[in-house]
Amino acid sequence: MPVFDYVCVTCGNRFEKLHKSATACQPECPACGSGEVERKLSTFSSAGSSCPPASSGAG
Ligand SMILES: [Zn+2]
């Protein structure tokens with residue numbers, strides 16, 4: 001299953017998140033609970049695999 005690396009910009013905690021489905025794009029930091037997290041390169045070398053674009057263009 002797809003595993004993504006995240007780094008919390010609030011506390012700097014680094015954690016991995018398993019994505020069963022492409023629903024959740026931005027998880028919360030398990031350490032401080034902040035939503036300010038940055039997704040790092042995943043171990044999976046999948047080309048063109050990122051958050052799905054919003055259905056309805058928001059701008
Ligand atoms: Zn944090």
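This report describes the strands, their pairing and a few individual residues of a predicted model.

**Overall make-up**

The chain contains zero helices and three strands. Read from the N terminus, its elements follow the order β-β-β. Of its 59 residues, 7% count as buried. Among the contacts in the chain with a separation of 6 or more, 46% are between residues 24 or more positions apart.

**The sheet**

The three strands form an open sheet in the order 2-1-3, and the pairing is antiparallel. Strand 2 and strand 3 are the edge strands, each pairing on one side only. From one strand to the next, the twist averages 35°. In general, strands of a sheet pair through backbone hydrogen bonds, in either a parallel or an antiparallel way.

Strand 1 covers residues 3–8 and pairs with strand 2 in the antiparallel sense over five bridges. Two of the facing positions can be named. V3 has L18 of strand 2 as its bridge partner, and D5 stands opposite E16 in strand 2. Strand 1 and strand 2 make a hairpin with five residues between the strands, where G12 takes a positive phi near 85°.

On the strand 3 side, strand 1 is joined by three bridges, and the two strands run antiparallel. Here C8 stands opposite V37 in strand 3.

**Residues of the edge strands**

L18 is placed in strand 2. L18 counts as exposed because 9 C-beta neighbours lie inside 10 Å, and a residue with 12 or fewer is classed that way. Besides having V3 as its bridge partner, L18 lies 6.5 Å from F4, C-alpha to C-alpha, with the two positions 14 residues apart in sequence numbering.

E38 belongs to strand 3. With 11 other C-beta atoms within 10 Å, E38 is exposed too. Its contacts, leaving aside neighbours within four places in sequence, are with Y6, V7 and V9. E38 and D5 are 33 residues apart in sequence, and their C-alpha atoms are 8.4 Å apart in space. D5 is also the residue that stands opposite E16 in strand 2.

**Residues of the loop between strand 2 and strand 3**

Strand 2 spans 14–18 and strand 3 spans 37–39, and G35 lies in the loop between them. H19 lies in the loop between strand 2 and strand 3 as well.

Which class of exposure does H19 have, with 14 C-beta neighbours inside 10 Å? H19 counts as partly exposed, because 14 falls between the limit of 12 or fewer for exposed and that of 20 or more for buried. H19 is 16 residues from V3 in sequence, while the C-alpha atoms of the two are 6.3 Å apart.

G35, in turn, has 12 C-beta neighbours inside 10 Å and therefore counts as exposed. Not counting residues up to four places away in sequence, G35 touches Q26 and E28. The C-alpha atoms of G35 and C8 are separated by 7.9 Å, although the two residues are 27 apart along the chain. C8 is the residue that stands opposite V37 in strand 3.

**C-alpha separations**

The table gathers the pairs mentioned above, each of which links a residue of strand 2, strand 3 or the loop between them to a residue numbered within 3–8, the span of strand 1.

| Pair | Apart in sequence | C-alpha to C-alpha |
|---|---|---|
| H19 and V3 | 16 residues | 6.3 Å |
| L18 and F4 | 14 residues | 6.5 Å |
| G35 and C8 | 27 residues | 7.9 Å |
| E38 and D5 | 33 residues | 8.4 Å |

Terms used:
Residues numbered from 1 in each chain as written. Predicted model: local features only at pLDDT ≥ 70, side-chain atom pairs only at ≥ 80, totals over all residues. Helix = DSSP H or I, 4+ residues; strand = E, 2+ residues; numbered from the N terminus. Contact = placed C-beta atoms within 7 Å. Pairing = 2+ DSSP bridges. Axes fitted to C-alpha atoms, helices over the stretch in contact; angles between N-to-C directions.
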